[in-house]
Each structure stands twice: as structure tokens, then as C-alpha cells.
Amino acid sequence: HKLEDFTPEEQAEIARLGAVLSTKDVFPKVYEGKEKADKELEIGRILSTQELSSHLALVDRVVNASDDRFVACSRIVTEQRDDDRKDELFASLGIESNSINHRMYVLALLHSSMKDEVDNPILSEPTVQYLRPFSQVVDGLPAGSFVDFSTEKLYEGIRVAHEVEKPTTIIHNDSKWDNWFNGTTLGDFGDSCAGTEYKDLA
């Protein structure tokens, strides 16, 4: 329905609730704060016209629902899309066509497509710090948890190496299983930032 299809009373209630009217094929995600919503919109702007877009759930608009709540709207992914280029590549290299290899292919295309965006001010800075100092990790554990302090030096070495590594592209930075819709389409780009390809694959 269009907003003008509602009575003035209904429109007032919609505004009071901070609701967002949208078509049925749109998936909304609410963000507290504008930074992550802006990243979603910027990724959508950059990648929407590229071949890779058929493997991504891209945001095409962000609505300010209240002072600090922003709704990012992306299209619902209903099925895996055909990709003749991928099929030919996998066949020529003898790569099995399965979900893990498909995801590696999509991430490789993402990384290749985003190399020129490393200095993009909207995307370059991380919104979350996944590798926290060992002491912060330990402090966040429930009381009585077992902590193997012999791993502290190894962990800190890995963490520091990641901090000083020069970014080579924009990475997804959260490519875990539940950000792959229907197991094949990558979405939720709110944590994207400058980094190295390794971070998305590890």
C-alpha cells in the first residue's frame, strides 16, 4: 500500500510507531546508530551494477526510523541464482561445486571488486573489534571459567599481527554462516571495513 492509502489516523499511528512501509520482498534490518546502515548503503551503491551483485543481498535504501534507529532495506533472497561463469571456472579447474567453494568464490569476487575502496571513509574503519586484547577476553568470561593462560602469548601475537597488517581491500568482516542467506547469498555488510582477504576466510 502507498502511504496515501491510509487514513490520517492510520498515518499518525504509523509515524508514532516509527514504522517503515515497504513492499513484501524487502528484508528490513534495524541498526542502532547510522554508521552500520551507511556501510550497508555504500556497499549496495558500489556493487549493485556488478556481476557479483547476483550473489549478494544488497541494501538499496536506509530509512531513519527514529533519532538513533535506522532501517536498512534489502531485497529478500528467494533462490540461488545461476552463474555460468562460476560453473565454467569450477569445471575447468576441477573444483567441486558445493556451498563452501561457492562461498569462497563469492568472497574472492567481493575482495577483487572492493580493492579500490580501501580509503573510502564510509567503509574503511571497523565498527566492531573482534580481536580484543587477551585481558579483555578473560574479563568477559563468566566467573569460574577455565582460562589457559599459556595461550595468551600466541593469541596476542596473532592479534597484533592483524592490527599492523596493511589493508588490501574492503572485507565483509562477519561472513559467518548466518549471513549467507539460503546458504548462497552474502548479506549483512554493516561490519565491513578495510582489511585483508585472510580475515574473511579464517
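Two residues are in contact here when they have heavy atoms within 4.5 Å of each other. Keep that in mind for His162, which touches Leu131, Tyr198 and Lys199, leaving out residues up to four places away in sequence. His162 sits in helix H6, residues 152–164, and it is partly exposed, with a relative accessible area of 23%. Go 10 residues along the chain, from His162 to His172, and the two C-alpha atoms turn out to be separated by 15 Å. What you're looking at, by the way, is a predicted model.

Now step back and take in the whole chain. It has seven helices and seven strands. Starting from the N terminus, the elements run α-β-α-β-β-α-α-α-α-β-β-β-β-α. Along its principal axes, the C-alpha trace spans about 65 × 55 × 35 Å. There are 202 residues, and 35% of them count as buried. If you take the contacts with a separation of 6 or more, 66% of them come from residues 24 or more positions apart.

So much for the overview; let's head inside. The largest nonpolar core has 20 residues, and the ones that touch the most other members are Ile43, Leu47, Leu56, Leu110, Met114 and Leu186. Two elements, H2 and H4, give two or more residues to this core. The largest share is that of H4, with five residues. Leu186 is a good place to pause. Leaving aside neighbours within four places in sequence, Leu186 is in contact with a list of residues that includes His55, Leu56, Val106, Leu110, His172 and Trp180. There is also a second, separate core of five residues, with Tyr31, Val59, Phe70 and Ala72 among them.

Helix H2 has a curious resident. Lys39 lies in this helix, which covers residues 34–47. Lys39 is buried, yet it has no salt bridge. Why not? A salt bridge needs a side-chain nitrogen of Lys or Arg within 4 Å of a carboxyl oxygen of Asp or Glu, and the nearest side chain of opposite charge to Lys39, that of Glu35, is 4.9 Å away. As for its surroundings, Lys39 is in contact with residues including Ile122, Pro126, Phe189 and Cys193, with neighbours up to four places away in sequence left aside.

Elsewhere, charged side chains do pair up. Side chains of opposite charge can pair when their charged atoms come close. The model has 10 salt bridges. One of them is back in H2: Asp38 bridges to Lys34, with the closest N and O atoms 2.8 Å apart. These two are four residues apart in the helix, so about one helical turn separates them. Asp38 is partly exposed at 23% relative accessible area, and Lys34 is partly exposed too, at 42%.

A second bridge reaches further along the sequence. Arg85 pairs with Glu51, the closest N and O atoms being 3.2 Å apart. Arg85 belongs to helix H3 and Glu51 to the loop between H2 and E2, so this bridge ties together parts that are 34 residues apart in sequence. Arg85 counts as partly exposed at 45%, as does Glu51 at 46%. Then there is Asp174, whose bridge to Lys176 has its closest N and O atoms 3.0 Å apart. Asp174 is buried, at 12% relative accessibility, while Lys176 is partly exposed at 38%. Glu156, Arg159 and Glu163 are joined into one network by salt bridges that share partners.

On to the rings. There are three aromatic pairs. In one of them, Phe90 and Tyr105 meet edge-to-face, 5.8 Å from centre to centre and with 85° between the planes. Phe90 is in helix H3 (residues 84–93) and Tyr105 in helix H4 (residues 99–113), so the pair ties together parts 15 residues apart in sequence. Phe90 is buried, with a relative accessible area of 5%, and Tyr105 is buried at 8%. Ring pairs also link Phe134, Phe149 and Tyr155 into a cluster.

Last stop, the cysteines. The count of disulfides is zero. Cys73 is buried at 1% relative accessibility, and Cys193 is buried at 5%. Cys73 is 10 residues from Val63 in sequence, and their C-alpha atoms are 8.0 Å apart in space. Val63 itself is in strand E2, residues 59–64, and is partly exposed at 23%.

Terms used:
Residues numbered from 1 in each chain as written. Predicted model: local features only at pLDDT ≥ 70, side-chain atom pairs only at ≥ 80, totals over all residues. Heavy atoms only, no water. Phe/Tyr/Trp six-rings, centres within 6.5 Å; stacked < 30°, edge-to-face > 60°. Buried < 20%, exposed > 50% of the residue type's maximum accessible area, 1.4 Å probe, protein only. Disulfide = S-S within 2.5 Å. Lys, Arg positive; Asp, Glu negative; His and termini not counted. Core = buried A, V, L, I, M, F, W, Y, C linked by side-chain atoms within 4.5 Å.
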